[in-house]
Amino acid sequence: MPAETTKRALITGITGQDGAYLAQFLLDKGYRVSGTYRKSATPDFWRLRYLNILEKVTLTCADLADFSALLEAIKSCQPQEIYHLAALTFSGTAFEHAVDAGETTGLGVTRLLEAIMKIDPGIKFYQASSIELYGEGGTQPLSEDTPFNPVNPYAVAKLYGYWIARIYRQKHGIFACSGILFNHESPLRGLNFVTRKISNSVARISLGLQDELTLGNLDAKRDWGYAPEYIRSMWLMLQQDKPDDYIIATNELHTVRELAEKAFETAGLDWQKYVRTDEKLMRSTDVNFLQGDNSKAGDNLGWQPQVKFNQLVEIMVKHDLDRWQRHARGEAFPWDIQP
Ligand code: NAP
């Protein structure tokens with residue numbers, strides 16, 4: 001493809017789970033991909049290394065709190081599309097980082113939109129929004145029209161980002177889309193999230209490296225999808241004629257108990273022998289997850305999830321088993337497992 005026709009994309013949060021998969025997806029489509037990272041970035045860019053794409057992307061240091069750095073990142077990349085994925089993502093510790101959440105996850109969106117206005121209002125903008133916008137309320141199933149009711153600082157900051165993107169779309173004509181993302185997981189998920197905590201612990205237990213696994217509320221329900229499929233929906237949104245917002249979900253709910261059961265079963269183990277619960281791990285502001293409705297994404301984008309719950313859990317456990325087996329054979333590895 002001649003250089004002048006090569007599409008260029010900038011990904012904020014390229015060191016994260018979604019950022020790494022999106023970079024791979026866009027590279028496969030022939031894009032030139034740049035990404036921003038912060039000084040305290042995820043050690044060793046392990047996800048980009050894991051996917052073997054670290055050398056194929058251009059990285060620029062830019063914290064979401066630093067407007068001039070964001071401006072420079074956009075100027076040097078000259079993207080047609082910006083995928084804004086960077087955020088403080090773990091809602092479990094949201095109250096410990098309440099001010100930072102507003103400063104980065106919330107105001108970071110305005111900084112990027114202002115930078116777009118200054119540099120090129122024709123740049124298309126994707127905002128990674130969240131199921132947590134809905135909090136505890138709403139009718140079932142949740143649709144794009146269900147009222148929001150955020151219950152923690154992460155969710156409020158995400159609501160701000162969602163809404164400001166909408167305002168810049170309506171007032172300034174920016175091609176801004178939000179994906180209202182339900183939980184999505186993969187072998188690249190951070191260890192602080194319950195899916196990966198379980199898959200990693202199951203692998204360690206099955207190899208005799210760990211005795212038990214302590215979890216919080218086993219009855220907590222989530223809609224867990226497969227991250228690489230959610231990435232595709234981001235790209236699809238920016239290829240439409242008109243910008244819009246979409247729920248991205250599998251529409252299936254499963255409990256943490258089911259997750260543990262399936263994960264141990266994948267390794268040939270009985271979960272009840274290894275799982276303990278601890279009330280200290282129960283979250284007082286945990287949202288009561290409701291059923292999603294992804295039909296708008298299906299109708300308008302042609303997006304449908306293919307990987308469902310059982311397959312997702314198998315993928316994650318098998319990856320962690322493989323990693324720990326290789327580790328046991330003395331292989332050095334760049335990913336995030338701490339011995
Ligand atoms: P992730 O793996 O935690 O990645 C988050 C990224 O944000 C990392 O690259 C991180 O960089 C970066 N970041 C954090 N604070 C920053 C700051 N102040 N300045 C610049 N970069 C910063 O999250 P993910 O799962 O890929 O999620 C991607 C997006 O989707 C997020 O906006 C998240 O809120 C949203 N979302 C995700 C889910 C899900 O289930 N995965 C569900 C709903 C919404 P470091 O490497 O430096 O930490």
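# Helices, sheet and a few stand-out residues

In this predicted model, helices H3 and H4 cross each other in a right-handed way. H3 covers residues 67-77 and H4 covers residues 98-119, and their axes come within 9 Å at a crossing angle of roughly 50°. That angle is why H3 and H4 count as oblique to each other. Who does the touching? On the H3 side there are Phe67, Leu70, Leu71, Ile74 and Lys75, and on the H4 side there are Arg111, Leu112, Glu114, Ala115, Lys118 and Ile119. Sorted by class, this contact between H3 and H4 has seven nonpolar residues, four charged ones and no polar ones. As background, a packed pair of helices is described by the distance between the axes and the angle between them.

## The sheet

Now for the strands. Seven of them form an open sheet, and reading across you meet them in the order S3-S2-S1-S4-S5-S6-S11, with parallel pairing. S3 and S11 are the edge strands, each pairing on one side only. On average, and ignoring direction, neighbouring strands of the sheet are turned by 20° against each other. A helix sits against this sheet too: H5 (residues 153-172) packs on it and touches S5 and S6, with its direction at about 150° to that of S5.

Here are some of the strand pairs, with one matched couple of residues for each.

| Strand pair | Sense | Bridges | An example of bridge partners |
|---|---|---|---|
| S1 (residues 8-12) and S2 (residues 32-37) | parallel | five | alanine 9 and valine 33 |
| S4 (residues 81-84) and S5 | parallel | four | tyrosine 83 and tyrosine 126 |
| S5 and S6 (residues 176-181) | parallel | six | glutamine 127 and serine 178 |
| S6 and S11 | parallel | three | glycine 179 and tyrosine 246 |

Tyrosine 126 turns up twice in this story. This S5 residue is the bridge partner of tyrosine 83, and tyrosine 126 also has a bridge partner in S6, namely cysteine 177.

## How covered are S5 and S6?

S5 runs over residues 124-130, and six of its seven residues are buried, so to speak under cover for the most part. For S6, the count is six out of six. Which residues of S6 lie on which side? Ala176, Ser178 and Ile180 are on one face, Cys177, Gly179 and Leu181 are on the other, and all of them are buried. This every-other-residue pattern fits a general habit: in a regular strand, side chains alternate between the two faces of the sheet.

## Two buried residues

Let's zoom in on serine 129, which is found in S5. Is serine 129 buried or exposed? Its relative accessible area is 3%, so serine 129 is buried. Leaving aside residues up to four places away in sequence, serine 129 touches Lys158, Tyr162, Ser178, Gly179, Ile180 and Leu181. Ser178, Gly179, Ile180 and Leu181 were named above as buried residues of S6.

Over on an edge strand, isoleucine 248 lies in S11 (residues 246-248). Its relative accessibility is 0%, and therefore isoleucine 248 counts as buried. Again setting aside residues up to four places away in sequence, isoleucine 248 has contacts with Ile180, Leu181, Phe182, Tyr230, Ser233, Met237, Ala297 and Trp303. Ile180 and Leu181 are on that list, and they are also on the list for serine 129.

How far apart are isoleucine 248 and threonine 266 in space? They are 27 Å apart from C-alpha to C-alpha, with their positions 18 residues apart in sequence.

## Two loop residues with positive phi

Most residues other than glycine have a negative phi. Two loop residues go the other way. One is asparagine 52, with a positive phi near 65°. Asparagine 52 is in the loop between helix H2 (46-50) and strand S3 (58-61). With a relative accessible area of 60%, asparagine 52 is exposed.

Another is glutamine 78, whose phi is positive as well, near 50°. Where does glutamine 78 lie? It is in the loop between H3 and S4. A relative accessible area of 52% is above the 50% cut-off, so glutamine 78 is exposed. That brings us back to where we started, with H3, the helix that crosses H4 in the right-handed sense.

How values were computed:
Residues numbered from 1 in each chain as written. Predicted model: local features only at pLDDT ≥ 70, side-chain atom pairs only at ≥ 80, totals over all residues. Heavy atoms only, no water. Buried < 20%, exposed > 50% of the residue type's maximum accessible area, 1.4 Å probe, protein only. Pairing = 2+ DSSP bridges. Axes fitted to C-alpha atoms, helices over the stretch in contact; angles between N-to-C directions. Parallel < 35°, antiparallel > 145°, perpendicular 65-115°, else oblique. Left-handed = near helix turned anticlockwise from the far one by under 90°. Contact = heavy atoms within 4.5 Å. Nonpolar A, V, L, I, M, F, W, Y, C, P; charged D, E, K, R; others polar.
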